Amino acid sequence: MSDTAPWQARMPRSVLDLYCPSDHLVTTPTDRRMLWHLESELAVAATNDRLRRLASDLRRYLNDTCAHHWHEREAEAGIPAHRQCLWCSDVEWIGGETP
Ligand SMILES: [Zn+2]
């Protein structure tokens, strides 16, 4: 991808798509989605303690302040029905069951 292309051309679907992989409308603001993208890239590319600490702090901040986008899952293969956040991966069990 050329550096002269618009920045949007280099973004993953998670930053700009109106719909999540399950075709639900995502209302999470682009700023917030860009932070999740930055966290994901930093988690892989941090090459020193300072950047690793920044990645860890950014992850904690995003987790602590997440406005969840839930995906509900039916019970299957021994895993009770639950919902999981697209962004922070938090899980909530539905119907009082836990694995
Ligand atoms: Zn969340």
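**A tour from the zinc site to helix α2**

Start with Cys66, which is buried, with a relative accessible area of 14%. The model is predicted.

Keep Cys66 selected and add His68, Cys85, Cys88 and the zinc ion. These four residues are the protein donors of the zinc ion, through SG of Cys66, ND1 of His68, SG of Cys85 and SG of Cys88, at 2.1 to 2.5 Å from the metal. Is His68 buried or exposed? Neither: His68 counts as partly exposed, because its relative accessibility is 32%, while Cys66 falls under the 20% limit for buried residues.

Now display the angles at the metal. They run from 98 to 117° among the four donor atoms, and the site is tetrahedral. Along the chain, the donors are spaced as C-x1-H-x16-C-x2-C.

Next, select residues 70-73, 82-85 and 91-93. Strands β1 (70-73) and β3 (91-93) are the edge strands of an open sheet of three strands, ordered β1-β2-β3 with antiparallel pairing. From one strand to the next, the twist averages 20°. Strand β2 is residues 82-85, and four bridges join it to β1 in the antiparallel sense. For one such pairing, pick Glu72: its bridge partner in β2 is Arg83.

Finally, move to residues 30-45, helix α2. This helix has 16 residues and reaches 22 Å from first C-alpha to last, close to the expected 22 Å. Which residues of α2 are buried? Color Arg32, Arg33, Trp36, His37, Glu39 and Leu42 to see them. Then show α1 (13-16) and α3 (49-64), which are included in what covers these buried residues.

Note on methods: Residues numbered from 1 in each chain as written. Predicted model: local features only at pLDDT ≥ 70, side-chain atom pairs only at ≥ 80, totals over all residues. Heavy atoms only, no water. Helix = DSSP H or I, 4+ residues; strand = E, 2+ residues; numbered from the N terminus. Expected span 1.5 Å × (residues − 1). Buried < 20%, exposed > 50% of the residue type's maximum accessible area, 1.4 Å probe, protein only. Contact = heavy atoms within 4.5 Å. Donors = N, O, S within 2.8 Å, 3.2 Å for Na, K, Ca; no water. Tetrahedral: all angles 85-135°; square planar, octahedral: opposite > 155°, others 65-115°. Pairing = 2+ DSSP bridges. Axes fitted to C-alpha atoms, helices over the stretch in contact; angles between N-to-C directions.
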